[in-house]
Amino acid sequence: MSGPALVLVAHGTRSAKGVEMIAELAEAVARELGVPVPARGRTSEGSQTGAGAVFGAAPASLRSAPLVRTAFVDVLGPAPAEVLGDLGSVPAVVVPAFLASGYHVYQDVPREVAASAHPAVAVTPAMGPDPMLAMVMRVRLRAAGWRPGDAVVFAAAGSSDARARHDVRCAAAMLAEQIGAPVQVAYIATGAPRVPEVVASVRKSGARRVFLASYLLAHGLFHQRLHEAGADGVADPIGTHPAVVRLLADRYRTAAGALATVRVA
C-alpha cells in the first residue's frame, strides 16, 4: 500500500527558468522519497512542469509508491484543488513551497483544499523560516563572492501580511547567525524599505562591498530586479539545494505519519 500523495504547492512564475526549477525540485523530492520520477506534464499555460502536473492514473510502476504532484496558486496551473480532485480518494499531504507564511499560505491553500472536497488532506507548515534555508543562503552568498567583512542585505519579495514580515525577520536573524554578522532586511515588491534604498544606505554608512542574499525560491522577475539594485554581488535563489529537498521530504514524512495515525484511529 502506498503512502499519501505529496502535492507541492508553489506560487507560479512566467519565468521559464523558474518553472524549470520547481519541476526539478519536485523531481528531487520524489527521488529523496524513493519514488520513481514520472514524465513531466504541462501547465495550463503550456510550459513544462514537474511530476505533479501529470493527470490521470499513475503508471503501474508507480502505484506502490507515494505520488508527487505540483500545483500553483497564481500565474500558472494546475491549481491545488485540481490536483487534489485528480487524486480521487488517495490521501494527500500538501506542502506549501513558500519561504514565509502570508496570504497564499493562510488563505489560498486552505481555500483550494476546501474547494477540492478531498476526504483526507494534511497541510504542512511553509518551508520557511528554517535554519536549513539560512545555511543554503550562506552557501549561495559564498558562491556569489561574499567574504566576511562584506555587508549583506537580506532581500525578500515582501508581503502586506504582518505574519509574513515576521517570518522574514526571523529568517534574516537565522542568516545573521550563519554568517556571524548583521544583515539588513529589504523588500523587492511589497513593503519598505526597498532593496535599492537599503543598498545605497549601507554604502553611505561606509561598507566597501555590499551583497544581496536572495530570499527567493526560484529565478524570475523578482530575482532579476536584484541585479539592478546596485549591489556588488547577488546570491542565487535558494533553489534545489539538497538541504531544501530534505526539508520538504521531512515536512511530508511528518504530516504523512500524522495523517496515517488519524485515519487508523
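The points below cover the pocket, the cavity, one helix pair and some backbone details of this predicted model.

1. Largest pocket. The space in the largest pocket comes to about 940 Å³. Its lining is made up of 35 residues, and those closest to the pocket centre are His11, Phe98, Ala157, Leu216 and Phe222. Three elements give two or more residues to this lining: α3 (103–116), α5 (162–179) and α7 (221–226).

2. Character of the pocket lining. Sorted by class, the residues around the largest pocket are 21 nonpolar, 12 polar and two charged.

3. Helices α4 and α5. The axis of α4 (residues 131–143) comes within 9 Å of the axis of α5, and the two cross at roughly 55 degrees. An angle of roughly 55 degrees is neither under 35 degrees nor in the range of 65 to 115, and the two helices are therefore oblique to each other. The crossing of α4 past α5 is right-handed.

4. Residues in the helix contact. On the α4 side, the contact is made by Pro131, Ala134, Met135, Met137, Arg138 and Leu141. On the α5 side, Met174, Leu175, Gln178 and Ile179 take part. The class count for this contact is eight nonpolar, one polar and one charged.

5. Cavity. Rolling a probe the size of a water molecule over the atoms shows where empty space is left. The count here is one cavity of 30 Å³ or more, and the volume of the largest cavity is about 30 Å³. Its lining consists of Pro129, Asp130, Leu133, Ala134, Met137, Ala171, Met174 and Tyr215. The elements giving two or more residues to that lining are α4 and α5, with α4 giving the most, three residues. By class, the cavity lining has seven nonpolar, no polar and one charged residues.

6. Overlap of the cavity with the helix contact. Which residues line the largest cavity and also belong to the contact of α4 with α5? Ala134, Met137 and Met174 are among the cavity-lining residues, and these residues are also part of the contact between the two helices.

7. Cis peptide bonds. Most residues other than glycine have a negative phi, and most peptide bonds are trans. The bond from Gly128 to Pro129 is cis, with omega near 0 degrees. Pro129 sits in the loop between β6 (121–123) and α4, and Pro129 is also one of the residues lining the largest cavity. Another cis bond joins Ala192 and Pro193, where omega is about 5 degrees. Pro193 belongs to the loop between β8 (184–187) and α6 (195–204).

8. Positive phi. Where is a positive phi found at a residue that is not a glycine? Ala117 has a phi of about 55 degrees, a positive value, and is not a glycine. Ala117 is located in the loop between α3 and β6. Of the elements flanking that loop, α3 is also one of those that give two or more residues to the lining of the largest pocket.

Terms used: Residues numbered from 1 in each chain as written. Predicted model: local features only at pLDDT ≥ 70, side-chain atom pairs only at ≥ 80, totals over all residues. Heavy atoms only, no water. 1 Å grid on protein atoms, 1.4 Å probe; cavity = no way out; pocket = protein on both sides within 12 Å on 5 of 7 lines; lining within 4 Å. Points joined across faces, edges and corners; volume = space filled by probe spheres on them. Helix = DSSP H or I, 4+ residues; strand = E, 2+ residues; numbered from the N terminus. Nonpolar A, V, L, I, M, F, W, Y, C, P; charged D, E, K, R; others polar. Axes fitted to C-alpha atoms, helices over the stretch in contact; angles between N-to-C directions. Parallel < 35°, antiparallel > 145°, perpendicular 65-115°, else oblique. Left-handed = near helix turned anticlockwise from the far one by under 90°. Contact = heavy atoms within 4.5 Å.
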